[in-house]
Amino acid sequence: MSATESREARAAARASHEANPVLTIDHVSVDYLAQRTVHAVKDVSLTLGRGEILGLAGESGCGKSTLAYAINRLLKPPAVVSSGTISFHSREGYTIDLGSLHGDDLRAFRWDRISMVFQGAMNSLNPVISIRAQLEDVFTTHRPEMSKKERRERCGELLERVGVDRSRLRSFPHELSGGMRQRVMIAMAMALDPQVMIMDEPTTALDVVVQREILREITRLRAELGFAVIFITHDLPLLLEISDRIAVMREGEIVELGGAVDVYTNPQHEYTKRLLASFPRLTGERGDFARGSHDRTAGSHEAHASNDGRGAE
Ligand SMILES: Nc1ncnc2c1ncn2[C@@H]1O[C@H](COP(=O)(O)OP(=O)(O)OP(=O)(O)O)[C@@H](O)[C@H]1O
């Protein structure tokens, strides 16, 4: 993809959140009914555009993960969605209220339409099963009509798509680096061509070089495949590099939401200003990596995974 095309893809993604949404979060609140009730997410409304990368930033404990789990219907008691609705808009033009999905429908939906990659996802690969068998399992379960040959071919393609040689299909998780394992998890999350990927600190546990490579891969793949991403991290500078828009969350509320460049150059909320000021490395070259230096004007920008059940602890 050329620089112009890539700029156009981002501009289209930024414009599409209202005209062409893939997900609508409407006045959602989540409480943890523990000894003391925690209002973790308070009346959040957000629209995710088709093909958009939306960054969700905020300090530890502000409710980012709880919101992500709510979207994917992975919350477990004592968490309850106390109000609001989350709707998914299919490419084919129909809308699904996620709250109405149960059982097999919900499981199928999660893999097919929305997938998720967690921070520790790479550690959720089964250590005694080969990468091939774990990838194939996704297709055996969700695409039972696929022939064995097709399945094998698809697994090879998937690995290569995330920058891992297909010879690694024979490997076991312990034979791969952390970065490679996380790439495998991203490949799994993409296996069924979902329209939304939720990435909750997917690269935090990795060193900076590997982190950058993986982020580049994600931005390239989104341009190629057109999925939307909700990318969650406390690392605001990283979000400035990859996101079309950024939502800043504080104590369960979205306090600022805007284009990534606007949030960076003209933050409206005091909390956003403080958050930006807390990252001295915002100056310098770092903001260039995902976009390439030619694309600076466009703004700082570009899973199946373990179901660890938010609220289960
Ligand atoms: N199982 C639980 N029971 C009670 N309170 C919880 C539970 N899980 C999370 N919380 C509380 O909900 C709030 C939001 O937590 P959450 O993990 O969603 O924040 P976060 O922004 O994702 O933080 P981090 O970046 O550290 O993951 C916090 O106050 C947290 O203590």
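Of the 313 residues of the protein, 44% count as buried, where buried means that 20 or more other C-beta atoms lie within 10 Å of a residue's own, exposed means 12 or fewer, partly exposed lies in between, and C-beta atoms are placed from the backbone. This is a predicted model, in which local features need pLDDT of at least 70 and side-chain atom pairs count only at pLDDT 80 or more, while totals for chains, interfaces and linings use all residues. Residues are numbered from 1 along each chain as its sequence is written. The protein has 10 helices and 10 strands, taken as DSSP runs (H or I with at least four residues for helices, E with at least two for strands) and numbered from the N terminus.

**Annotated region**

- An unreviewed UniProt entry lists residues 23-276 as "domain: ABC transporter"; positions are given in the numbering used here, the feature name is shortened, and such annotations may be inferred rather than shown by experiment.
- Over residues 23-276 the chain is 37% helix and 28% strand, with the end C-alpha atoms 27 Å apart.

**The sheet of 4 strands**

- One open sheet has the strand order β2-β1-β4-β5 with antiparallel pairing, two strands being paired if DSSP finds at least two bridges between them.
- Because β2 and β5 stand at the edges, each with a single partner strand, one side of each is left without a neighbour in the sheet.
- Neighbouring strands of this sheet are turned by 5° against each other on average, direction ignored; axes here are lines fitted to C-alpha atoms, for helices over the stretch in contact, and angles run from 0 to 180 degrees between N-to-C directions.
- Helix α2 packs on this sheet, touching β1, β2 and β4, and its direction makes about 65° with that of β2, where contact requires C-beta atoms, placed from the backbone, to lie within 7 Å.
- Strands β1 (residues 21-33) and β4 (residues 79-89) pair in the antiparallel sense over 8 bridges, and tyrosine 32 has alanine 79 of β4 as its bridge partner.
- Strand β4 also pairs with β5 (residues 95-97) in the antiparallel sense, over 3 bridges; phenylalanine 88 stands opposite isoleucine 96 in β5, and the bridge partner of serine 87 is aspartate 97.
- The two strands β4 and β5 form a hairpin with 5 residues between them, and glycine 93 in the turn has a positive phi of about 105°.

**The sheet of 6 strands**

- A further open sheet follows the order β6-β7-β8-β3-β9-β10, with mixed pairing.
- Its edges are β6 (114-117) and β10 (253-259), each with a single partner strand, so one side of each is left without a neighbour in the sheet.
- The twist in this sheet averages 15° from one strand to the next.
- Strands β3 (residues 53-57) and β8 (residues 228-233) run parallel and are joined by 5 bridges, with leucine 56 having isoleucine 232 of β8 as its bridge partner.

**The ligand shell**

- The ligand is surrounded by 16 residues, of which the closest are Tyr32, Ala40, Ser60, Ser65 and Thr66; a residue is near a molecule if its C-beta atom, placed from the backbone, lies within 6 Å of it.
- Two or more residues of the shell come from each of β2 (37-49) and α2 (64-71), and α2 supplies the largest share, 3 residues.
- By class, the shell holds 6 nonpolar, 8 polar and 2 charged residues, with Ala, Val, Leu, Ile, Met, Phe, Trp, Tyr, Cys and Pro counted as nonpolar, Asp, Glu, Lys and Arg as charged, and the others, Gly among them, as polar.

Notes: Two residues are in contact if their C-beta atoms, placed from the backbone, lie within 7 Å.
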